[in-house]
Structure formats: C-alpha cells, structure tokens
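Colleague: Thanks for making time to go through this one with me. Could you take my questions in turn?

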Amino acid sequence: APSSASAASAPSVELVKLSRSFGGVAALDGLDLTVDPGTLMCLLGPSGCGKTTALRIIAGLEHGDGGEVRVGGQDIARVPANKRDMGMVFQSYSLFPNLDALDNVAFGLRMRGWGAAKRRTRAGELLELVGLAAHAEKYTHQMSGGQQQRVALARALAIEPRVLLLDEPLSALDAVVRVQLREEIRSLQTRLGITTVFVTHDQEEALSVADQVAVMRAGRLEQCAAPADVYADPATAFVAEFIGTMNRLPGTLAADGQTVEVAGRRLVVREAGQRSGQRSGQRSGGEVAVLIRPEAVRFEPSEDGAATVRLAGFRGPITRITAVLPDGTEVLSDVPSASAGELVPGRRASVVLEDAPVMVV
Ligand code: ATP
C-alpha cells in the first residue's frame, strides 16, 4: 500500500489568533485552534462563520491579516501554497476534464518532476486505495460524483501531503454516497495517520467523522471538543442549539440562579461555559428559556395533560413525537417506537422531564 504521512511523522496544525477581514467584515476574528498530529478536525458552523476562509489560509490560497498558521510548530506565513505539501479536495470535483482518472491522480506528481513510469505506478496505487482501480481510464464525464470525489481524494493524497484539507468534499453528493464516502475518508485518514482539516456545515457529518469538532461562529471558536462532548456537554448555548435538536421551553429561574422551574419540575441549572469561561454564571431570577434534548423528555398519555400530540414521526427504532403546550410552544420527545403507540396526534399528554442539569438562556 502507498505510504503517506505516518502518524509518527504527521505534524500538528495550529491556528493562533488568526484574523481576516473582507471590506471591514471580519471573516475570522482571532481564531485559535490546534489540530493534533494525525487527527481529523472538523470545522463546523453556520454559513459565513469563516470555515472556508480558515482552510484557505492554511492552504496558502488566502492570507490572514493577523495571527499565525503553524505546521509542526513552524510558522508557514512565508511558505507559498505550492510548497506547503498540502493535499486539498473541494466541494466541486475540480478534476481536469481532458485527463483520465489515472492522469488526474498523477498530475501533482508530474509537477514534482516524477518520471512517467513512476507516476503511473503511484497513481495506480492511489486509485486502488480509493477503490477505483478499474476506472483508471475514465474521464470525468464517465464517472459519478462520488467517483470523481474519490479521484480528487486520490489526487490530493498522491503527493504524500503533510496535511489533508477537505472543503465540504461531500456536499454535492446524494445522501447514500455521501455517508459511504465519509466513512471511507475516515477509515483512509485513520489508516494513513494524516493530519486532516475537514470543513462542513453538516453537524451529523462532523460528529461522525471527526476526532475533534471545532464549532465556529462569526469567525471565532465556540467550542473544540470530541464529538460526544460537543453533544453532551456543550460549552455555550449556541453550541447546544447548533448541535443536534434542542427543545427550548419556557421556565422560571430561581433568584439564586441555581435551579429552574420548567413543566412543573425543578431542575438544576448547568453551568454552561464554565470550562470556556464564556459565561459570567451570574444570572438573576425570572423568565428564561430552558434547553432540553428530545431524549430527556417523555410524554405520558393523560386526559388532563398540558400537551397535545401533533405529530408522531416514525424513524425506525425511535419515534419523534411533537406536541404543543397551551401557549403554542412545541415540545419534541424521542420515544422508543415500541412504546409510542398511544401517542397519536390529538392525544393529550403530560410532559415529564428527565431529572438532569439543563442549560438556560
Ligand atoms: P459557507 O459554509 O457558506 O461556505 P464559511 O463558514 O465557509 O461559509 P467563509 O466562506 O469563510 O464562511 O466566509 C466568511 C465571511 O467572509 C463571509 O461573510 C463571507 O461573505 C466573507 N468572505 C469570504 N471570502 C470573501 C472574499 N473573497 N471577498 C469578500 N468577502 C468574503
């Protein structure tokens, strides 16, 4: 199998107070981020939060106004894009239409002065790595989108890059191919041990492929953590609501800010942002919104319940029940499908919340 940067030699990538403005608008506003050697970091965030700008600055296709990019501890500001040893895959397939798959993969090697025979051997190995050995002679118009992205990936890896940069590489593909290819990218990345930065706005994609997820907002880092931690222990209300689904229920915060009353229950308030220091922790009592995951909500069928079931969305093992409270607030609950039978639209139910700390906003 072709070798690439092995985990032992893979560099870290660090962004240090990276800034970039376009016409007075800050695309990046002091972004700090460390990608550990050989790991896959997803940059995740809403449209316009600066993900692509960050990636392009790492690649050298764009310059920062301030801050540094360090690869393996070295500031690479003076290294031009074509000397950075980075492989890149974009959303649009961006293959050369006049070259077949093999020559597309071999292209970067030609630029590096590899001889024809060596190039073809290496390109063939890479096509095999991405499962396209049988398609070496195909041109772009003869390949599916997924196949073209595999070729683009093989091309990016052919030069044995120190760092792999992926900018929404799966966004143009249909759902099935997308899931398949993301799993392949992940297994390839793990096998090669290549330090990888993967930009996506798709949270499910980020959670499923990344070692670490960097949730960005307005050019800054909201939280960087393992997928399970970003989901279960969001550092900010923004992260809590951006990742997965959240209920936002009206509640009353106690004067000491420690507990909140919501749907007839008193729950402990979780100190969001304690780790990141982004929240003051000082809140006065009063009306608040309480963030609760659908899996922490249960509906009990009851004639005098406050909620009315509106929808029962079957999703295989679970069914997502949507109910409304008298004030119009929607409440979502994920219920094992086996026990969702009674929760049909029109049924009244009482809302039961799991006794776990919640975030308030
Ligand atoms: P998306 O998911 O929509 O691609 P993103 O998170 O990748 O968004 P960027 O593309 O990095 O965001 O853009 C961040 C901000 O910088 C946006 O407000 C965008 O309009 C602006 N921007 C980016 N590139 C340029 C440019 N070349 N000229 C002017 N403004 C730009």
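What follows is our conversation about the ligand shell, the core and some of the strands.

Modeller: Happy to help, and please keep in mind that this is a predicted model.

Colleague: How many helices and strands are there in the protein chain?

Modeller: The C-alpha trace spans about 80 × 45 × 40 Å along its principal axes. Of the 361 residues, 42% count as buried. As for the elements, the protein chain has eight helices and 20 strands.

Colleague: Which element gives the most to the shell around the ligand?

Modeller: The residues around the ligand include Phe22, Val25, Ala27, Lys51, Thr52, Thr53 and His201. Two elements give two or more residues to this shell, strand S2 (25-35) and helix H1 (51-59). With three residues, the one that gives the most is H1.

Colleague: By class, how many residues of the shell around the ligand are charged?

Modeller: Gly45, Ser47, Gly48, Cys49 and Gly50 are also among the residues surrounding the ligand. The shell has four nonpolar and seven polar residues. Lys51 belongs to the shell too, and counting Lys as charged, the number of charged residues is one.

Colleague: Where does the largest nonpolar core lie with respect to domain 1 and domain 2?

Modeller: This core has 105 residues, of which Cys42, Leu43, Val105, Ala154 and Ala214 touch the most other members. Its largest share, seven residues, comes from helix H4 (residues 145-158). Because domain 1 (13-232) and domain 2 (245-360) both give residues to this core, it lies between them.

Colleague: Which residues is Leu43 in contact with, leaving aside its neighbours within four places in sequence?

Modeller: Leu43 is one of the core residues that touch the most other members, and Ala214 is another. Lys51, which is also in the shell around the ligand, is in contact with Leu43. The full list for Leu43 is Lys51, Ala54, Leu55, Val197, Val199, Ala214 and Met216.

Colleague: Which residues make up the covered face of strand S19?

Modeller: Strand S19 (residues 348-353) has an uncovered face made of Arg348, Ser350 and Val352. The other face, the covered one, is Ala349, Val351 and Leu353.

Colleague: How many bridges join strand S15 to S19?

Modeller: S19 pairs in the antiparallel sense with strand S16 (residues 307-315) over two bridges, and Thr308 stands opposite Arg348 there. Strand S15 (residues 297-301) also runs antiparallel to S19, with Val297 opposite Leu353. The number of bridges joining S15 to S19 is five.

How values were computed:
Residues are numbered from 1 along each chain as its sequence is written. This is a predicted model: local features need pLDDT of at least 70, side-chain atom pairs count only at pLDDT 80 or more; totals for chains, interfaces and linings use all residues. A residue is near a molecule or strand if its C-beta atom, placed from the backbone, lies within 6 Å of it. Helices (H or I, at least four residues) and strands (E, at least two) are DSSP runs, numbered from the N terminus. A residue is buried if 20 or more other C-beta atoms lie within 10 Å of its own, exposed if 12 or fewer, and partly exposed in between; C-beta atoms are placed from the backbone. A nonpolar core is a set of buried Ala, Val, Leu, Ile, Met, Phe, Trp, Tyr and Cys residues joined through C-beta atoms within 7 Å. Domain bounds come from an automatic or database domain assignment. Two residues are in contact if their C-beta atoms, placed from the backbone, lie within 7 Å. Two strands pair if DSSP finds at least two bridges between them.
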